[in-house]
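Visitor: I would like a close look at one part of this model, the place where the ligand sits, and I would be glad of a careful account of what surrounds it.

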Amino acid sequence: MNLCEENTLTATARQRIFSGVQPTGNIHLGNYLGAFRNWVELQDSFETIYCIVDLHAMTVDYEPGKLEAARIDTARILLALGVDPERSLLYTQSQVPGHAELAWILGTMTPMGVLNRMTQFKDKTEMGSSPNLGLYSYPVLMAADILLYRANLVPIGDDQRQHMEMTRDLAERFNNRFGDVFPIPEGYFPEVSSRVMSLTEPHNKMSKSDPQIKSRVAILDDPDVIRKRIRSAVTDSDPEVRYDIDQKPGISNLLEIMAACTRRSVDDLVEEHANGGYGAFKDAVADAVVEELAPFKTAYKALNNGDVRQVLHDAGVEARDMASSYMREVHKVIGVKRY
Ligand code: TYM
């Protein structure tokens, strides 16, 4: 596994994994290298629960008619990447009422000062999203997702660190007040590529919502499209291939992408490509990405939406039962008796 030692040590002592993805389309290389590859690998050793967080996706403008297609397609991509319904629960958030209910309870102990510091709300509203309460309290729902199942580890990309910290903080607040109910969960990050950057603006992260299609490689892009995207990636005018985030963010990003895809170290790749020129280096990066992603398109085509729906249905039923018994315990400690 391409994981740092700290992660590996923590992981061996832990039991349950939870993570989520918004069904907002355009799933890209950053989602895969930052999170989904770990989702798949962690299935070997842990109990794994993966959620398509459709309630989160409603916090920004969305079209109701497109949501269902996006939920199914997101699930289909995850199955193609190797999420295995025999070993993992893969379901949609709205199937399980406990997410929203726990979010309300946690919201009663979330200081507004903490939410005011969350960068995602500022970023999204600056970019034109309406400043609604759902978007503002988004991190509380995310904390509820994780704590609902008493998860120990959460495989995510670097952009979710702040939300993860808040989740830990809320778990501690709850436990201090009501007793030891929630384990304090930890984020689980890949060693490289925990923050894959945009190919057109390498100071920004690669994003599903970037209107510039050239900024990302989509998981299902054809090989010739992938090559085109990588070849046109913004770099700099100095011809040396070297890792330097400040001076050479574009090249450093490509080095991380290639290191993750080939499972080689950045140092190794620098040694090999330092003086070979950007053209040859970009071709090598493109080859590595094509090789990594090619099998997924074949697997995606082999699936059908009816089977995907069945997976979501079955896992949703199981997740709802599990969540319901955990919520009973929460109700008990907060003093809300069920009649
Ligand atoms: P989302 O849907 O934006 O992204 C899914 C996962 O992909 C990671 N990711 C990246 N990793 C590396 N480089 C990038 N450029 C990049 N872009 C995205 C994200 O970190 C994420 O792991 N808030 C979450 C969804 C969520 C969730 C949860 C996650 C809701 N509840 C509970 C974990 C646990 C989100 O918007 O992910």
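How far is a nitrogen atom of the ligand from a polar backbone atom of glycine 30?

Guide: In this predicted model, the distance between a nitrogen atom of the ligand and a polar backbone atom of glycine 30 is 3.1 Å. Two further polar approaches can be described beside that one: an oxygen atom of the ligand lies 2.8 Å from a polar backbone atom of glycine 157, and a nitrogen atom of the ligand lies 3.0 Å from an N or O atom in the side chain of glutamine 160. The ligand on its own would expose 710 Å², and the protein buries 97% of that area.

Turning to the shell as a whole, there are 27 residues around the ligand, of which Tyr138, Asp145, Asp159, Val196 and Lys208 come nearest. Sorted by class, this shell has eleven nonpolar, eleven polar and five charged residues. At least two residues of the shell come from each of strand S1 (16-21), H2 and helix H9 (138-148).

Helix H2, which spans residues 29-42, also packs with helix H14 (residues 278-302), their axes lying 12 Å apart at an angle of about 75 degrees, which means that H2 is roughly perpendicular to H14. On the H2 side the contact is made by Leu29, Tyr32 and Arg37, while H14 brings Val289, Glu292, Leu293 and Phe296. Counted by class, that contact of H2 with H14 has five nonpolar and two charged residues, with no polar ones.

Methods: Residues numbered from 1 in each chain as written. Predicted model: local features only at pLDDT ≥ 70, side-chain atom pairs only at ≥ 80, totals over all residues. Heavy atoms only, no water. Axes fitted to C-alpha atoms, helices over the stretch in contact; angles between N-to-C directions. Helix = DSSP H or I, 4+ residues; strand = E, 2+ residues; numbered from the N terminus. Parallel < 35°, antiparallel > 145°, perpendicular 65-115°, else oblique. Contact = heavy atoms within 4.5 Å. Nonpolar A, V, L, I, M, F, W, Y, C, P; charged D, E, K, R; others polar. Near = heavy atom within 4 Å. Polar contact = N/O pair within 3.5 Å; in protein donor to acceptor, adjacent residues only side chain to side chain. Areas by Shrake-Rupley, 256 points an atom, 1.4 Å probe, with all protein chains shown as cover.
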